[in-house]
Structures are given as C-alpha cells and as structure tokens.
Amino acid sequence: MNPNEYKTITPKDHPNGYSKDTLFGQSSMFHAILNSTEDMIFFKNRDGVYIHCNQAYADHLGKSIDEIMGLREYDLHRPEIAARFVDEDRQILQTLQSQRYEIWGRKSSGERVKLEIIKSPYFDDNHNIVGIVAIIRDITKRHNVELELSESKRYLRAILETSLDAFWVVDKDGNFYDFNSAFCEMSGYSREELLKMNIEDLEITENRTAIEKRINRILTEGKDRFETVHRKKDGATYDIEIVSSLFDSDHSLVVGFARDISQSKEESKRISFLSFHDHLTGLYNRRYIEDSVKRLDTKRNYPFTIMTLDVNGLKLTNDAFGHHTGDQVLVSVSEAIKKVCREDDIIGRTGGDEFIILLPKTDRSDAEKIKKRIEKTATEADLDSVLVSVAIGYSIKNHPDKDIQEVMKEADSMMYRNKLKDGKSFRRKTIELILDNINKKYGLEMYHTRKVSDYSRQLALAMGYGGRIADDVQKAGELHDIGKIILPAELLNKPEPLNQSEFELIKQHPEASYQILKSTDEYAYLAEIVLHHHERWDGTGYPEGLKGEEIPLLSRIIAVSDTYEALTGERPYKEPLERASAIQILNQSAGTQLDPKMVKVFVEEVLSQKS
C-alpha cells in the first residue's frame, strides 16, 4: 500500500465524527482501567486510523492522546516499520486471527526496548468487525533476565560437558532424564541408548528395591553420597563414587555427579598391600613381621620357632648377572619357602637377601624338616644356570621367660654359621659358573685366560717374585677377564674392529671384574689387580688413568702377558701375529703402554725359554 494514499484525519474531519468520547462513551471505569495499566493499548479502525489509545502508549511515542488520534502508521513510524504494521493489520482483518510477537523498538527518548505485541480484531455489539486493538508490553527487563538465564544455562551446560566428572539426572523411578558426555563415555552407552534406560541397568551391586530406597532417601533428605559398582556396555565393571541431590523444587528429579574411582581404589589397595608386604616377592615386610612376633609370642603357640634365611652370594649374582637376575633369585627363594611352609606359617622378607619364617607350634624335629626341604627346593630353582643357595638358622621358644629377641638372635647366629660353612663352596661354584658362561659366549676365552695366567706366573718368577706373588698373579691371570660376563656375545665375537661406542662398553669389564671378585671372600684380594690390568705406563689407560709405578705390580705383569697373548692369539677380527712381529710391537710399547723393565725381562727370559 502506498503511503501517499493516506492523509491525516483529525477527529473533527472524520466522517463519523470519531472522538474518544463518542466512540467509548463516558465510562470513567473504562478510562481508569485503560490509563492505570503499564501496558500500552491502542485502537485502530478498519482503515488503519488510530481512534483511541491510553496514556502509556502516548508517553511511549512522546505525544498526547489527542495528537495520536486520527493518525495512521506512516504518520508515526519509519516507512519500513509502518509497512510491516499495515500488512499485519490487513492479515488480521482478513483472517480474524490474533497475532503475538516480539519486536525491538525505541521510546521517544531514543532508548531501545524489547516489546511484546498482541493484536486482535474487535467487534461491535452486532458482531461486525470494527477494527484492531493492540496491547504492547515492555518486556526489556524480562528479556534481559531470560537472556542472562539462557547464558547461565549455556555456560552451565558447557561446564558440565567439559567436566571430567560424569553428570546425570534421573526421575524418581530411576529413568535417565539428562546426562553429559562424560557419563556416556564412562558407561559406554550413547545418549540415545541411555535415554531408554534405567539406572538399575548399570548397577550390579544393588537391586531395584535398594535403588528405590536410595532415591527416596535423596528425595526426603535432599542429598546422599555413596559408592557402588557399575557395568559398562562392554561388560567391564568399575567402582564409582556418586554425590546426589534434588534437582528441582517439586522433588521429582535427582541429580548425580559420578566419578570412576576404580584406579584410586586399586592404588589404595596397592598402598595398603605395600604397607605390610614386600614389593618384589609379595611376602610380608619387616613391619608386619615385627608386629606378628609380638602377637604370636603367647603360650598357646609354644613351641614357637623363628627361622631366618639368607641368600648365599646374592651380591655376587647381582654383579655378575645383573640385578634383574638377582631379583629372580629372590623370587625363586620366596616361592620355595611358600611351597614348603604351612598355611598358618608367616613368611617375610626383612632385608635385601634376608627372609624370616614364624612357625607357631613347631618343635625342633619339624623345624629341621622344614629347613632341609627349603634348602632342597631352593637349589632346584631353574634360573638359566644361576646357582641358588640359602643359609638357614632357627631357634625355638618353649617358655614364657625366654626373651623373644634372644630367640631371634640365636636363629641369626645359626644362620650365619651355616653361611660361613657353605658360602665359600657356593661362591667358588658361582665363579666357576661365571667362567663357564663366558667360555660359552666366547669360545677363545678359556685359551686366552690360561695363556695369560701361564705367562704372568713365568714373568713374576723371571723377575724374582716367587712364592705367594707368583701364585697370586697366576690366579689373577685366570680371573682378569671375569667381568666379560656383562658383555653381549655378539660383541665378543664381532669379526670387525670395534667402533668407539663398542670399545667404551668393552672398557667396563675391568670394573665388573673388580665388583665380582670383591663379592667373594676368597678372591677379594685379587680385585685391585684385575681392576688395573688395562692401565698404561704413560697414564692414558683405564679405568683410573694410573701412571708408571702407580699401577700395582701384579697388574703390570698381567698387562704385558695380556698384550702378548692378544698379539699372538686368535681373534675373530684378525689373524695371529708371528712371534717376531709380536716382539717388535711389544718393544715399541715399552715405556708407553707397558712397564719397560717387564717387557725386557719378558722378551729376554720368558720368551727365550719357549724358543
């Protein structure tokens, strides 16, 4: 409709002489109601002419009521806004249907406001349509509150969706009403699946009755906190902690925040277990044993036997084969003890290689049987050629007057006596086993150590060192490379020269030899000798860079013998040298690598005897 078709019509110009008095009569009640409401109200005839409005609408437009009457939309609003209102009016008059909508507008002051508009047709007493009535409400405050609430809900939802804790809402029957992604992930079910489920479908520790009682308690008391077990979609179970409370004021919904506590419970169990158990063997630890000794030290348990055990040569095993193998030995010993002992016996590991067994109601005869069975079972352990041996002692309390600490000391004394008696034999066998393992890894090792040992004894004798020194250097020659047990077979048998990183690894074997021999009472005196047999006369050797006569005498003797054997013996990476070539290199090494006096004696006396 073209706005030019309209012209302003004042009440006196109107063909029917419309005025607020003639149209709406003189009802003071009507006018009082119309002007007391905060809602804006206006009336238009079928031609779109304003024929009445209340004071609130006039104030909104910044005009008087009389100024508004007789005007049309194009007289009051911008053309694009007026065109919209005219189209709305035409539709209402055609359909006789009300319209309700919200729109942004401005007051006469320029303030922007949110308006809710309801437009309806109105009729005369004969049901003829007269025009349109509109009620306009300023809903700016409500809109802002709703907007804030909507934002709060959006932020809350965002928080819930990003929360690591699972969130759910169920009705009073336990049916799922809402939840976040964390709960879907925790349960393994999709949102669509959960909306068809009841919380009972996840519970495995409580039945329907128990669940209903819990929900009723929450509905009555307002909150609850508990732990239960849920089952995932794939069948796996998990421990869950739930904090629940009422979700709405009419007590029909319950909200719960749930956290998977399976890992924390397992960790708690582990910590609890380790507080009384040894982490490696699973046996009881010293703390638990000490408490148990006090608890069992009663007359009803007499004769009360305390048995102590010590693993023979554990340090030697660790140094030669590594701590992993040493741990395997400890585990095998613990298994041997458990296999032999009775259900009521208490077994503990009280130190690195020390074990203890508390044997209530056990006399000497039974204790001796248990001791022998443990010794036998321990030695039968299959640990890839590693020897296992234990020293065992025990003591028995038969009378309340005997101090339990004295019983433990007696058990330890007996154990140490057995350790001294059997330990020497065990360590000797272990050294032989180590040498045998080296020979298996490196076939030339036996020949090499025998030749070095032989050359070393001859050189010591040629230099006037007989008796004990000659015997010691001969034994040191046999054991000087025992530390090669730590080296991989492929390195010892490599057919090409070693690269730098491989050579650095090879250089560790003197220190390994030192540690192994230091672990044995029988050979500890040779440890320093083998440690330094790769030192050089000029101080550029290893492991400590000793120089000249700082290097132990017997180490220098072995160095000469070892060098000559390396030149003339077979190696995977080279052919052996002829005697003359080897002597030439040996002489060239005098004063740099080797003790020059010893080289001279070795060439002139030891080798001359073999010509």
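Which residues in helix 13 meet which residues in helix 16? The close-ups below show this and other parts of a predicted model.

**View 1. Helix 13 meets helix 16.** From helix 13 come L316, A320 and F321. Helix 16 offers R427, T430, I431, L433, I434 and N437. By type, the residues of this contact are six nonpolar, two polar and one charged.

**View 2. The axes of helix 13 and helix 16 cross at roughly 10 degrees.** Helix 13 covers residues 314–321, and helix 16 covers residues 404–441. Their axes come within 11 Å. Angles under 35 degrees count as roughly parallel. The two helices, helix 13 and helix 16, are therefore roughly parallel to each other.

**View 3. Five strands make an open sheet.** The strand order is 2-1-5-4-3, with antiparallel pairing. At the edges stand strand 2 (50–53) and strand 3 (99–106). Each has a single partner strand, so one side of each is left without a neighbour in the sheet. From one strand to the next, the twist averages 25 degrees.

**View 4. Strand 3 pairs with strand 4.** Strand 4 spans residues 112–123. Eight bridges join these antiparallel strands. Here E102 stands opposite E116 of strand 4.

**View 5. Helix 2 lies across strand 1 and strand 2.** This helix spans residues 28–36, and strand 1 spans 40–45. Helix 2 runs at about 80 degrees to strand 2.

**View 6. Helix 6 lies across four strands: strand 1, strand 3, strand 4 and strand 5.** The helix covers residues 79–95, and strand 5 covers 129–138. Helix 6 runs at about 165 degrees to strand 3.

Conventions
Residues are numbered from 1 along each chain as its sequence is written. This is a predicted model: local features need pLDDT of at least 70, side-chain atom pairs count only at pLDDT 80 or more; totals for chains, interfaces and linings use all residues. Side-chain values use heavy atoms; hydrogens and water are left out. Axes are lines fitted to C-alpha atoms, for helices over the stretch in contact, and angles run from 0 to 180 degrees between N-to-C directions. Angles under 35 degrees count as roughly parallel, over 145 as roughly antiparallel, 65 to 115 as roughly perpendicular and the rest as oblique. Contact means heavy atoms within 4.5 Å. Ala, Val, Leu, Ile, Met, Phe, Trp, Tyr, Cys and Pro count as nonpolar, Asp, Glu, Lys and Arg as charged, and the others, Gly among them, as polar. Two strands pair if DSSP finds at least two bridges between them.
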